[in-house]
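Here is a friendly walk through the pockets of one protein, with a stop at a helix and at the cysteines along the way. Have the structure open as you read.

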Amino acid sequence: MIICAGNNETFDFATPMGVGLIETTLNLTRLCLFDKPEFLLFIGSAGSYGDEKIFDIVESKTASNIELGFLNNDAYTPLENVISTNTTNKKDKIVNSSNYISTNKELTSKFLKFGVSIENMEFFAVLSVAKEFNIPAGGVFCITNYTDENAHKDFIKNHEKAKELLSNHVKQRIKELTKR
């Protein structure tokens, strides 16, 4: 099953689950309880912490939930904050999830030293639910912005093209997989 966030980030071939960690967790859990999918593929936009470029396509099976306070040793958590459905030896780019969009380039560049390269609000929730229900899962993202003071403006400017690129990428991958 292919899923996406919702609101203005929808695709004709994906089922919307909600925006942010909470809506996604609630709606995806409800779906899994009543009609458990065989697999989950989440698609959406993402912001780059600096290494990924605008309109790059990133595939991952690993997510984190690291808040900005952690980067300056201003916070800690007793919770598991990295989750992966990756069963290969291939190293994943880690996708960070928070209910906030980062806008401090100096601070967010610190994510890179932890192997975290992009952010998407929903992906940690998707992998958490997938793990709980033992469902293979992954994500495909298109970069719309950097995590700097222009994050929102650039997201708005690049969002439609990113959705088009993401749609084309996913449809092409589906064609490749069905030819096998």
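The text below takes the pockets first, then a helix, then the cysteines. Please keep in mind that this is a predicted model.

**The two pockets**

Let us start with the largest pocket, which has a volume of about 700 Å³. Its lining is made of 28 residues, and those nearest its centre are Leu-41, Lys-61, Ala-137, Gly-138 and Gly-139. Several elements contribute at least two residues each to this lining: strand 3 (40–48), strand 4 (57–60), helix 4 (123–132), strand 9 (137–146) and helix 5 (151–179). Which of the elements gives the most to the lining of the largest pocket? That is helix 5, with 5 residues.

The second largest pocket holds about 420 Å³ of space. It is lined by 24 residues, and Glu-9, Ser-45, Ile-101, Met-121 and Phe-155 are the closest to its centre. Here strand 3, strand 9 and helix 5 each supply at least two lining residues.

If you are thinking about the chemistry of each lining, this is how the residues divide:

| Pocket | Volume | Nonpolar | Polar | Charged |
|---|---|---|---|---|
| Largest pocket | about 700 Å³ | 12 residues | 10 residues | 6 residues |
| Second largest pocket | about 420 Å³ | 8 residues | 13 residues | 3 residues |

**Helix 4**

Helix 4, one of the elements that supply at least two residues to the lining of the largest pocket, is itself mostly covered, with 7 of its 10 residues buried. Which residues of helix 4 are the buried ones? They are Phe-123, Phe-124, Ala-125, Val-126, Leu-127, Val-129 and Ala-130. After helix 4 comes Asn-134, and the phi of Asn-134 is positive, near 55°.

**The cysteines**

How many disulfides does a search of the whole structure find? The count is 0. Why does Cys-32 have no such bond? The closest cysteine sulfur to that of Cys-32 belongs to Cys-4 and is 15 Å away, so the two are too far apart for a bond. A disulfide would need the pair of sulfur atoms to be within 2.5 Å. Cys-32 is also buried, with a relative accessible area of 4%.

Cys-142 can be read in a similar way. Its sulfur has the one in Cys-4 as its closest cysteine sulfur, at 14 Å, which is too far for a bond. Is Cys-142 buried or exposed? Its relative accessibility is 1%, so Cys-142 counts as buried, given that the cut-off for buried is under 20% relative accessible area.

Note on methods:
Residues numbered from 1 in each chain as written. Predicted model: local features only at pLDDT ≥ 70, side-chain atom pairs only at ≥ 80, totals over all residues. Heavy atoms only, no water. 1 Å grid on protein atoms, 1.4 Å probe; cavity = no way out; pocket = protein on both sides within 12 Å on 5 of 7 lines; lining within 4 Å. Points joined across faces, edges and corners; volume = space filled by probe spheres on them. Helix = DSSP H or I, 4+ residues; strand = E, 2+ residues; numbered from the N terminus. Nonpolar A, V, L, I, M, F, W, Y, C, P; charged D, E, K, R; others polar. Buried < 20%, exposed > 50% of the residue type's maximum accessible area, 1.4 Å probe, protein only.
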